[in-house]
Amino acid sequence: MEHTPAERINWQASGNEHFTGSVSNGPLSRAADRSLTALAVMFQPGARSDWHSHPDGQVLYITSGAGRVQTEDGQTVNVSAGDVVYTPPGEKHWHGASETSHMMHLSLTTGGATEWLPGKVSDEDYRR
Ligand code: MN
């Protein structure tokens, strides 16, 4: 068994190349296991990812706070702790916090790297 106390999770800034606002992520899966990427991701209020998709899809499990997930067709869902969102392979989407709350989710993906689309999520799309 390997126990990592919460304060020893290796949180790192997600940077602004693919995100707007303050976002950090903590790896949860073992580095040696390349078949699964399990990340805790923390978005501060107003922060969100850029538009992107995942080759094998993605499971998001909201662990605290409130946020939103939007797909290219304009569908937007408001999410809060305990909710699960699945985006199928190749579906273009973004996820982030609401304007007034942080949002933390667990992200589960397989199949390799996120496919990022050019450009940021505009304030207009974010509020849509
Ligand atoms: Mn995603």
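Here is a friendly set of notes on a predicted model, working from its metal site to its core and its aromatic rings.

1. **The manganese site.** Five protein donors surround the manganese ion: His 52, His 54, His 93 and His 95, each through NE2, and Gln 58 through OE1. Their distances from the ion run from 2.1 to 2.2 Å. If you would like to find them in the sequence, look for the spacing H-x1-H-x3-Q-x34-H-x1-H. His 52 sits in strand E6 (residues 52-53) and His 95 in strand E10 (residues 93-97), so this pair ties together parts that are 43 residues apart in sequence.

2. **How accessible are the histidine donors?** Take His 52 to begin with: its relative accessibility is 1%, so it counts as buried, the limit being under 20%. His 95 is also buried, at 5%. His 54, at 4%, counts as buried too.

3. **A closer look at His 54.** This donor is found in the loop between E6 and E7. Its side chain makes a polar contact of 2.7 Å with the side chain of Gln 58, and Gln 58 is itself among the manganese donors. Leaving out residues up to four places away in sequence, His 54 touches Thr 87, Pro 88, Pro 89, Gly 90, His 93, His 95, Thr 109 and Thr 114. Two of these names, His 93 and His 95, will be familiar from the list of donors.

4. **Thr 87, a neighbour of the donors.** Which donors does Thr 87 touch? Its contacts beyond four places in sequence are His 54, Gly 57, Gln 58 and His 93, and of these His 54, Gln 58 and His 93 are manganese donors. Thr 87 is placed in strand E9 (residues 84-87). With a relative accessibility of 2%, Thr 87 counts as buried.

5. **The largest nonpolar core.** Twelve residues are a lot to keep in mind, so here is the list for reference, with the cut-off for burial at under 20%: Phe 19, Val 23, Val 41, Phe 43, Ala 47, Leu 60, Ile 62, Val 69, Val 79, Val 85, Ala 97 and Met 103. Strands E4 (37-43) and E7 (58-71) each supply at least two residues of this core. The largest share, 3 residues, comes from E7. As background, nonpolar side chains in soluble globular proteins tend to be buried together.

6. **Met 103 within that core.** Among the core residues that Met 103 touches are Val 41, Phe 43, Ile 62 and Ala 97. Its other contacts, again not counting residues up to four places away in sequence, are Met 42, Ser 64, Gly 65, Ala 66, Gly 67 and Gly 96.

7. **Aromatic pairs.** How many aromatic pairs does a search of the whole structure find? The count is 3. One of them joins Phe 19 and Trp 116 edge-to-face, with 5.6 Å from centre to centre and 70 degrees between the planes. This pair links distant parts of the chain, since Phe 19 is in strand E2 (residues 19-20) and Trp 116 is in strand E12 (residues 115-116), 97 residues apart. Phe 19 is buried, with a relative accessible area of 14%, whereas Trp 116 is partly exposed at 28%. Phe 19 and Trp 116 also form one aromatic cluster with Phe 43.

8. **Trp 94 and Tyr 126.** This aromatic pair is tilted, at 5.7 Å centre to centre and 35 degrees between the planes. Trp 94 belongs to strand E10 and Tyr 126 to helix H1 (residues 123-127), 32 residues apart. Trp 94 counts as buried at 0% relative accessibility, and Tyr 126 does so at 3%. Two arginines lie over the face of Tyr 126: Arg 48 at 4.4 Å from the ring centre and Arg 68 at 4.5 Å.

9. **Ser 98, in touch with Tyr 126.** Ser 98 lies in the loop between E10 and strand E11 (103-109). Buried or exposed? Ser 98 counts as buried, at 11% relative accessibility. Beyond its neighbours within four places in sequence, Ser 98 is in contact with Pro 45, Gly 46, Ala 66, Gly 67, Arg 68 and Tyr 126. The C-alpha atoms of Ser 98 and Gly 46 are separated by 5.6 Å, although these residues are 52 apart along the chain. The side chain of Ser 98 also reaches the backbone nitrogen of Ser 101, at 3.1 Å.

Conventions:
Residues numbered from 1 in each chain as written. Predicted model: local features only at pLDDT ≥ 70, side-chain atom pairs only at ≥ 80, totals over all residues. Heavy atoms only, no water. Donors = N, O, S within 2.8 Å, 3.2 Å for Na, K, Ca; no water. Helix = DSSP H or I, 4+ residues; strand = E, 2+ residues; numbered from the N terminus. Buried < 20%, exposed > 50% of the residue type's maximum accessible area, 1.4 Å probe, protein only. Contact = heavy atoms within 4.5 Å. Core = buried A, V, L, I, M, F, W, Y, C linked by side-chain atoms within 4.5 Å. Polar contact = N/O pair within 3.5 Å; in protein donor to acceptor, adjacent residues only side chain to side chain. Phe/Tyr/Trp six-rings, centres within 6.5 Å; stacked < 30°, edge-to-face > 60°. Lys NZ or Arg CZ within 6 Å of the ring centre and 35° of its normal.
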